[in-house]
Amino acid sequence: MDSLITASSRALAAGDALGALKRVALRDDPPALALRGIAMAQLGEHPRARELLRRAARGFGAHEALSRARCVVAEAEVALAMRDFTGSPRALAAASATLDAHADHANALQAWLVTARRFLLLGRLEEARAALARLDARGLRPSLRAVAELTAAELALRSLQVGEARLALARAQAAAERAQVPALQAEVAEARAALDRPAARRLTPVGEQVLRLDEVSALLASDALVVDACRHGVGAGGQWRPLARRPVLFALARALAQAWPGDVEREALIAQVFRTRHPDETHRARLRVEIGRLRALVKPLAAIEATERGFILKPLGGRDVAVLAPPLDGEQASLLALLSDGAAWSTSALALALGASQRTVQRALAELEGEGRVRSIGRARAQRWLAPPLAGFTTILLLPAALPIG
């Protein structure tokens, strides 16, 4: 390796992308192309970075499998920054195996870290946890260890393990300070600030109370009957009844919980749940059927009794009732949560992360764009969507597949 390549590599490791480019900007040999690609990625020029890394990978010969594998890992990280999830995880796994075979354990661990972060963005938390388990953070250089600890902290936060997240963020801060990379230090500071921001609202008949993540965790760990509008389910004492795929039952549960300890009139339930102002006997019959289904589902947690006016929720064991609502109202809350990270997302990536169809995502984006809450750049297949960061609160509870309970 010549002196310019060595000096450029050291500049990149220190986070000095411009210094690295000054040394190799006019060179087109594969090692220089790879370093230029990494520098352009650090500067935020991701499409150009991907092109350079692909050229570098093609330029390395058949006997240079190690260098090609490093390019694959770097390109996968660029794709992650671009929120492009179309690549096959198999290529990254194969590159990791090649790196391990050539004793380049640091880059092999980076490949698994990219895999874990990809799973985390897609809401596949168990797979992210399995990928993180393959990492030994003690063997990573400071910059990589900081990223690994940040990933572990986000995984803990999305599982509402707030104490574990604080410890991971403390380790991330220490590693970022040793790495002396300002961008990493700023990312750690932003993650720590999220712990003190509002994460949800507790609704009561007389108003609402803003909760931080640790307060949400304490509420869910308590014996209270919680109707959770962040993850659409009902839980108490470690038991959990998911209702994300049964929106009518969840709407009934939320209406009854918000009126507790009072009851709700039948006409009010019909108007709220079935969205009609002119109920007839068919709506009343359907209400009885749906109440029966909800009564059977929550039987271990609460009873639902008929009153003269309507229905009333009666939790078992003298429990309190709490309604947990997201910090943002509206059906597009999860979409805004993804876009609030400041990265440019394609509709296909958003659909994959949300588990929805592209058509559904496109309609939601069109509504948000009309309200001025998101904007697009590019056209056709190159179109990407952005939203201003939502600095007033954390969006952890709005992200896909967060908060597994029971």
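Select helix α1 (residues 3–13) together with helix α2 (residues 17–24), helices here being DSSP runs of H or I with at least four residues, numbered from the N terminus; the axes of α1 and α2, which are lines fitted to C-alpha atoms over the stretch in contact, come within 7 Å and cross at roughly 165 degrees, with angles running from 0 to 180 degrees between N-to-C directions. The two helices, α1 and α2, are therefore roughly antiparallel to each other, a label that applies to angles over 145 degrees. This is a predicted model, in which local features need pLDDT of at least 70 and side-chain atom pairs count only at pLDDT 80 or more, while totals for chains, interfaces and linings use all residues. Residues are numbered from 1 along each chain as its sequence is written, and side-chain values use heavy atoms, with hydrogens and water left out.

Next, show the side chains between these helices: Leu 4, Ile 5, Ala 7, Ser 8, Ala 11 and Leu 12 in α1 meet Ala 17, Gly 19, Ala 20, Arg 23 and Val 24 in α2, where contact means heavy atoms within 4.5 Å.

Then move to the open sheet, whose 6 strands follow the order β2-β1-β9-β3-β4-β5 with mixed pairing; strands are DSSP runs of E with at least two residues, and two strands pair if DSSP finds at least two bridges between them. At the edges, β2 (207–211) and β5 (239–242) each pair on one side only. Within the sheet, select β1 (residues 200–204), which runs antiparallel to β2 and is joined to β2 by 5 bridges; Arg 202 has Gln 209 in β2 as its bridge partner.

Finally, select helix α12 (residues 213–221), which lies across β1, β2, β3 (225–228) and β9 (321–325) and runs at about 110 degrees to β2.

Conventions: Parallel < 35°, antiparallel > 145°, perpendicular 65-115°, else oblique.
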